[in-house]
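Visitor: I'm new to this one. Could you pick out the sheet and walk me through it closely, and then show me a few other spots worth a look?

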Amino acid sequence: MQADKDFPNGLEEEYYQINNDILQSFNKFRPPLNIYRFKEDVSRVLPYYKVGERLSKEQTEELSDMVDAGIIFVSRDDHPVYVKHISYQLDLVLLDKHLKEKEIAEIFKAALTRRMAAFFDQPVKIVYDKVQEDVFTFTEYLWQDLSHIKAMARRLHTEHSLANHSVNCGFMGLLLHITGLPSDYNVEAKNRQPFDRTALGFFLHDIGMSKVPPFIRDKTKALTPEERQKVQTHTMSGYEMLGRLDVKYSEVEQCLTQHHERLDGTGYPQRASAAITPLGQVCAVADSFCAMISKRPYAAAMDPMAAAKRLCDDKRYASEITHRLLNFLVTEMKK
Ligand SMILES: [Fe+2]
Ligand SMILES: [Fe+2]
């Protein structure tokens with residue numbers, strides 16, 4: 001337990017207190033960021049350790065005691081360093097009570113993007129397990145308060161890469177999923193498992209693109225029919241690939257195999273509108289929206305509001321879902 005102290009007003013704005021789990025995650029003798037101590041006699045926060053120095057063994061013990069006493073802080077100015085550090089051990093985020101919602105959003109974004117990039121590079125079981133672990137840490141955080149997803153949806157990547165797109169779709173898919181839940185949806189009475197697997201589906205929907213050669217993925221000119229056909233295999237090849245890794249959840253299957261299906265039957269691979277599940281429809285809207293708002297090799301980024309309006313006018317998408325997207329953006333604009 002950290003001691004309750006009488007800290008001066010405004011201190012939490014500039015610094016945040018760290019706990020021993022966080023301290024232990026740092027290099028013991030050479031922490032990656034400056035550390036400050038609250039001095040009660042002068043009622044101020046003073047430097048204790050500067051990056052580049054080395055702590056003695058005695059100091060590391062003293063530091064640990066002071067962390068327990070609740071008087072050790074890091075500066076919010078060092079947040080970028082802290083984000084990078086903590087994003088490698090994502091479960092620490094859930095233990096840190098001093099991070100603000102937007103800081104947590106940045107940490108999840110950095111961590112999940114790096115993890116997805118690793119999985120696209122190396123789509124093997126050992127990397128998949130890490131993806132799943134991080135996605136489930138993320139859903140555990142959301143489960144504490146589903147409205148946290150809004151802070152994520154405000155921080156989408158604007159540059160295209162497969163990993164960036166996957167994370168954007170993870171965030172927007174979950175936003176559309178969560179805003180579509182009934183108003184009396186009570187997480188305490190629910191099993192989290194379907195929610196976890198739905199999140200996985202959004203993040204992994206394009207994993208089959210790892211099998212499409214980069215020269216086709218990044219082509220700036222129109223694709224030839226053969227190249228288009230190759231791209232279109234990514235839905236089923238992704239699904240088969242995850243099957244080989246023993247990932248066989250229905251929610252993941254729906255996202256992977258249906259996100260390019262359209263209500264009028266013009267999508268792929270089935271070209272059958274009746275087969276699209278509500279989750280497949282959400283993933284289709286999230287996917288198209290995220291593609292439209294990021295700068296791609298062959299197209300400029302669209303303004304999010306214009307993209308949502310275009311999707312609302314496009315009858316190949318479920319209008320209830322596209323309007324939910326538009327409503328979110330309109331509400332955000334008013335803030
Ligand atoms: Fe796709
Ligand atoms: Fe996609």
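Guide: Here's a walk through the sheet, followed by one helix, a cavity and a few unusual backbone spots. Keep in mind as we go that this is a predicted model.

Let's start with the sheet. It's an open one built from four strands, and if you go across it you meet them in the order β1-β4-β2-β3. The pairing is antiparallel. Strands in a sheet pair through backbone hydrogen bonds, and the pairing can be parallel or antiparallel. Now look at the two ends of that order: β1 (15-17) and β3 (44-49) are the edge strands, and each has just a single partner strand, so one side of each has no neighbour in the sheet. From one strand to the next, the twist averages 40°.

Zoom in on the β1 edge. There, β1 is joined to β4 (residues 72-75) by three bridges, and the two run antiparallel. If you want a pair of residues to find by eye, try Tyr-16, which stands opposite Val-74 in β4.

The sheet has a helix packed on it too: α3, residues 57-68. This helix touches β2 (35-39), β3 and β4, and its direction makes about 150° with that of β3.

Before leaving the sheet, stop at the loop between β2 and β3, where you'll find Ser-43. Most residues other than glycine have a negative phi. Ser-43 isn't a glycine, yet its phi is positive, about 55°. With a relative accessibility of 35%, Ser-43 counts as partly exposed.

There's another case of this kind further along the chain. Asp-246, also not a glycine, has a positive phi of about 70°. Asp-246 belongs to the loop between α13 (234-244) and α14. Its relative accessible area is 56%, so Asp-246 counts as exposed.

Carry on from that loop into α14 itself. This helix is mostly covered, with seven of its nine residues buried. The buried ones are Glu-251, Val-252, Gln-254, Cys-255, Leu-256, Thr-257 and Gln-258. What do they pack against? The buried residues of α14 pack against α10 (193-204), α13 and α15.

Take Gln-254 as an example from this helix. Its relative accessible area is 16%, and buried means under 20%, so Gln-254 falls on the buried side. Leaving aside residues up to four places away in sequence, Gln-254 touches His-259, Thr-277, Leu-279 and Gly-280.

Past α14 (250-258) comes a loop leading to α15 (278-292), and Pro-269 sits in it. Most peptide bonds are trans. The one joining Tyr-268 and Pro-269 is cis, with omega at about 5°.

Last stop: the cavity. Searching the whole structure turns up one cavity of 30 Å³ or more. The largest cavity holds about 50 Å³ of space. Its lining is made of Glu-261, Arg-262, Leu-263, Ile-276, Gln-281, Ala-284, Val-285, Arg-316, Tyr-317 and Ala-318. Sorted by type, those lining residues come out as six nonpolar, one polar and three charged.

How values were computed. Residues are numbered from 1 along each chain as its sequence is written. Chains are lettered from A and ligands numbered from 1 in the order in which they are written. This is a predicted model: local features need pLDDT of at least 70, side-chain atom pairs count only at pLDDT 80 or more; totals for chains, interfaces and linings use all residues. Side-chain values use heavy atoms; hydrogens and water are left out. Two strands pair if DSSP finds at least two bridges between them. Axes are lines fitted to C-alpha atoms, for helices over the stretch in contact, and angles run from 0 to 180 degrees between N-to-C directions. Contact means heavy atoms within 4.5 Å. On a 1 Å grid over the protein atoms alone, a cavity is a set of points where a 1.4 Å probe fits but cannot get out, and a pocket is an open set with protein on both sides within 12 Å along at least five of seven lines; lining residues have an atom within 4 Å of a point. Grid points are joined across faces, edges and corners, and a volume is the space filled by probe spheres set on the points. Ala, Val, Leu, Ile, Met, Phe, Trp, Tyr, Cys and Pro count as nonpolar, Asp, Glu, Lys and Arg as charged, and the others, Gly among them, as polar. Buried means under 20% relative accessible area, exposed over 50%, partly exposed in between (1.4 Å probe, protein chains only).
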